[in-house]
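Let's take a walk through this one together, starting with a sheet and ending with how the chains meet. Keep the viewer open as you read.

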Amino acid sequence: MPRLLAALVILALFAAMPEVASAMGQSSLMTLAARILIYAMAAASLNFILGYGGMISFGHAAFFGIGSYTVGILAHHLASGEPLFGIIPGSGDMAVTLPAALLVSGIAAAIIGALSLRTGGVQFIMITLAFAQMLFFFFVALPTYGGEDGTIISSANSVPGLNMRRKATVYYFILGVATVYFLILWRLVHSSFGEVLKGIRQNERRMTAMGIPVYRYKLFAFILAGMGAGLAGALLANFLRFASPDIMHWTKSGELMIMVILGGVGSFFGPILGAAALLVLEFHLAGWSEHWQLALGAILLLVVLGGRGGINGLLARLAGGRR
Amino acid sequence: MILVLEQILNGLQYGVMLFLLAAGLTLIFGIMGVINLAHGSLYMIGAFAGTWVAAHTGSFWLGLPVALTAAAVAGLLIEMLVVRRLYERDHLDQVLATFALILLFNELIVLLFGRQPIFTPLPELFSGSVQLFEGFPYPPYRLLIIATGLLVALGLWLLINRTRIGMLVRAGSTNRDMVRALGVDIRMLYTIVFGLGALLAGLAGYMAGPILAVQVGMGEQILLATFVVVVIGGVGSIRGAFVAGLALGVVDTAMRAFLPGFFRTFMEPAAADNLGAGIASMGIYLLMAIVLLIRPKGLFAPGA
Amino acid sequence: MSPLLETECLYKRFGGLVATDNVSLAVMSGEVHALIGPNGAGKSTLINQICGELHPDAGRIRLDGRDITGESAARRVHLGIARTFQITSLLEDASVRDNVALAVQACLGGNLRIWDRRAARGEIWRETSRLLESGGLDDRAQARCADLSHGEKKQLELLMAMAAHPRLMLLDEPMAGLGHGESRDMVDRLGEIRKETTILLVEHDMEAVFALADRISVLVYGRIIITGTPDEVRGHPDVREAYLGAEDAPC
């Protein structure tokens, strides 16, 4: 039950954020909260394969970027009126763009995962990094969608019955999607498949001896995680009205990993805490000094060397709980 | 023809730089099982320290020992303060801790030197150009880099095949526990290997100075290419790092030089340049993916 | 009667070392078939080929007449081959109950369900409790696997293999590292298990082998030099020479 309570408190905090921000006259707070939600989704999808499945993917930002570009590209073709590849019409309808982002990032994850999961250890880390870099340079080389600068999305995708021109509405939409997303993730983690995945992290040989074809299960998890990151990317594009190669740069993959480890690897709420910690830190430190990455580096180093469990572990220890 | 030759030499020059970095990285991977993302930072530290001295004294050669010392000292410090705690940890912790080091070193360099790139003076003796043969001028400094790289390769080969330390290194990269069982002070071996790797990274960084801009972020650019070299060559294999380094240097340089021209033959120039540059940038990663799919442990993986 | 498991001219080499040299072995349904031989004779390599972790360079493996040489290790579990490991291989972070439950679940199926609640699958928990009770581990169900004694881990491995309801059980040195009393318990357990399944037993503990085995095959340098009843094997001069040592006869 304390978990449920924690979840409700987090939800209430995010729900109150637009009001709080306008009362304080700081609209940037709402932007910060939206980014936390979106990055928490992306980090949680990474945590699913990394924390629960033991797959250290160093290229997860690729799917984040693909989701983002799916929205950007559909918006571009809507504006220009020219269909993509001559057949796929552009769209600015959320009911089209979000499923499209899920589909495209899922397909990309299926291809990249099928190839990468043939390796393991250091090679897996490096090959996922390599695929992400390939996609990064691919989008940099696409002049149609702005190359290095990325493509601008003139307005957030439409949702029937909502005025998506209002920033606060977009924020609440993101909050709604994020809530559903985390509910689904909760089911997933505690499903039959989720239990198998946790077993795979601990001992692949044992799982094989139980009759589990490990490769297939890891691939399935990799695809689901790719889709999760893709969905987060699609929301980010809607919120920023912008899609650029920057969000699939390898340092973004690193940032997602940092969020996972800051929050606590393999803990359900860890990615939310981790994303909040990193982005709030960035928000405050960046205002305080342009050399804020110095502090970030030091903090990260301490967290990694110092103790296990990240913020979530720290909270648990403070509460005197086990683990 | 001359254009092709020139690009091959440029490729070799880039290739030996990759080798200098990859040699250290592959040993650290292979022997200690540690992924060191901060290897590029050592390259950067060597470049900045050496260039700073060279710029103040006006002598390229005075900068060299400073570059080597700075990189080696930084490497030893990293090993003793951070990496030593990571030997028994999983790859995730290693990736994140050394990623944190990148952030730290980059900001420290910004604090000390600012964000503007600085330039290393060319050594007097190697400025200008020499005629390799009639009608083919080439900058001698690049030849110096190639020669240095090949010399280092020879030296490493001798070190590894002809000395006791080398014997331990070879044994360590195939079977870590065996070395421990031999009663060798494995910590000492680790520190030596790490220091040596740092030294080579510093050498590469300083030599790159006169060709590339010395600036924050230079380490990460080459780091990713170095990882590709290490993985293609096979983690832990110096021979693999050498072969893959040179091959990748040439392939990458050639693609950047010739792909846009190739696309221009059937596309409009602007689009061709863009596409060519894009595919050239993707090239080495594509190559790595292909190699890993055929040989998941790389080309020369020890013990494979 | 046709054999349950049959290997035909199985051959496997690592570099210059021939680990499995034309091994043809037949395990009859219902028997306990022991595989003995000195260290390095290739017993584990043979087991690993039968369970599918290694692939032979040549030769065939048949289960109940069906060629399974090309099947994956995971698939073979569903065809009826379960195993234990020489060095226990368990989910160390999980509880004993969760270890068994996962083995039960893996066998029951539905492993790709992403929208159910595993905790609510009563069939899994009933079977898990039954297994834990049968193996005498029910009082340790909540313990973390890493905290178990060596003997308990061996018992747990056995339970997890039984969860698959195997037709053939490959036991890779189930007595290794056990104390005298624990070994005796294990022999009793195997005596129970043999009523439910056929067993191929790799073991160094001769007392256990002669207590359990219906037939014994002796593997030396990758080759089977004799297959026979315990008495035949005990009396065979080559066996004394090659394996048991001329001096100390077994038992």
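**Sheets first, then chain contacts**

Start in chain C, where six strands line up as an open sheet in the order β6-β7-β8-β3-β9-β10, with mixed pairing. Keep in mind as you go that this is a predicted model. The edges of that sheet belong to β6 (81–83) and β10 (223–228) of chain C, each of which pairs on one side only. If you step across from one strand to the next, the twist averages 20°.

Now zoom in on the β10 end. Strand β9 (residues 215–220) of chain C runs antiparallel to β10(C), and five bridges join the two. For a landmark there, look for I216(C), which stands opposite G228(C) in β10(C).

What packs on this sheet? Helix α1 (residues 43–51) of chain C does, and its contacts take in β3 (32–36), β6, β7 (168–172), β8 (198–202) and β9 of chain C. To get a feel for the orientation, compare the helix with β7(C): the direction of α1(C) makes about 150° with that of the strand.

Chain C has another sheet to look at. Here four strands form an open sheet in the order β2-β1-β4-β5 (chain C), and the pairing is antiparallel. Its edge strands are β2 (17–27) and β5 (66–67) of chain C, each pairing on one side only. At the β5 edge, two bridges link β5(C) with strand β4 (residues 58–63) of chain C in the antiparallel sense. You can pin that pairing down by finding L63(C), whose bridge partner in β5(C) is R66(C).

Time to pull back and see how the chains meet. Which chains share the most contacts? Two pairs of chains are in contact, and of these it's chains A and B that share the most. Chain B and chain C, on the other hand, do not touch, and their nearest C-alpha atoms are 11 Å apart.

So who takes part where A meets B? Chain A puts in 36 residues and chain B puts in 40 residues. On the chain A side, α5 (121–140), α10 (250–263) and α12 (292–306) each supply at least two residues. The largest share of that side comes from α5(A), with 13 residues. As for chemistry, the chain A residues that touch chain B divide into 26 nonpolar, nine polar and one charged. If you colour that face by residue class, those are the counts to look for.

Definitions and conventions:
Residues are numbered from 1 along each chain as its sequence is written. Chains are lettered from A and ligands numbered from 1 in the order in which they are written. This is a predicted model: local features need pLDDT of at least 70, side-chain atom pairs count only at pLDDT 80 or more; totals for chains, interfaces and linings use all residues. Two residues are in contact if their C-beta atoms, placed from the backbone, lie within 7 Å. Ala, Val, Leu, Ile, Met, Phe, Trp, Tyr, Cys and Pro count as nonpolar, Asp, Glu, Lys and Arg as charged, and the others, Gly among them, as polar. Two strands pair if DSSP finds at least two bridges between them. Axes are lines fitted to C-alpha atoms, for helices over the stretch in contact, and angles run from 0 to 180 degrees between N-to-C directions.
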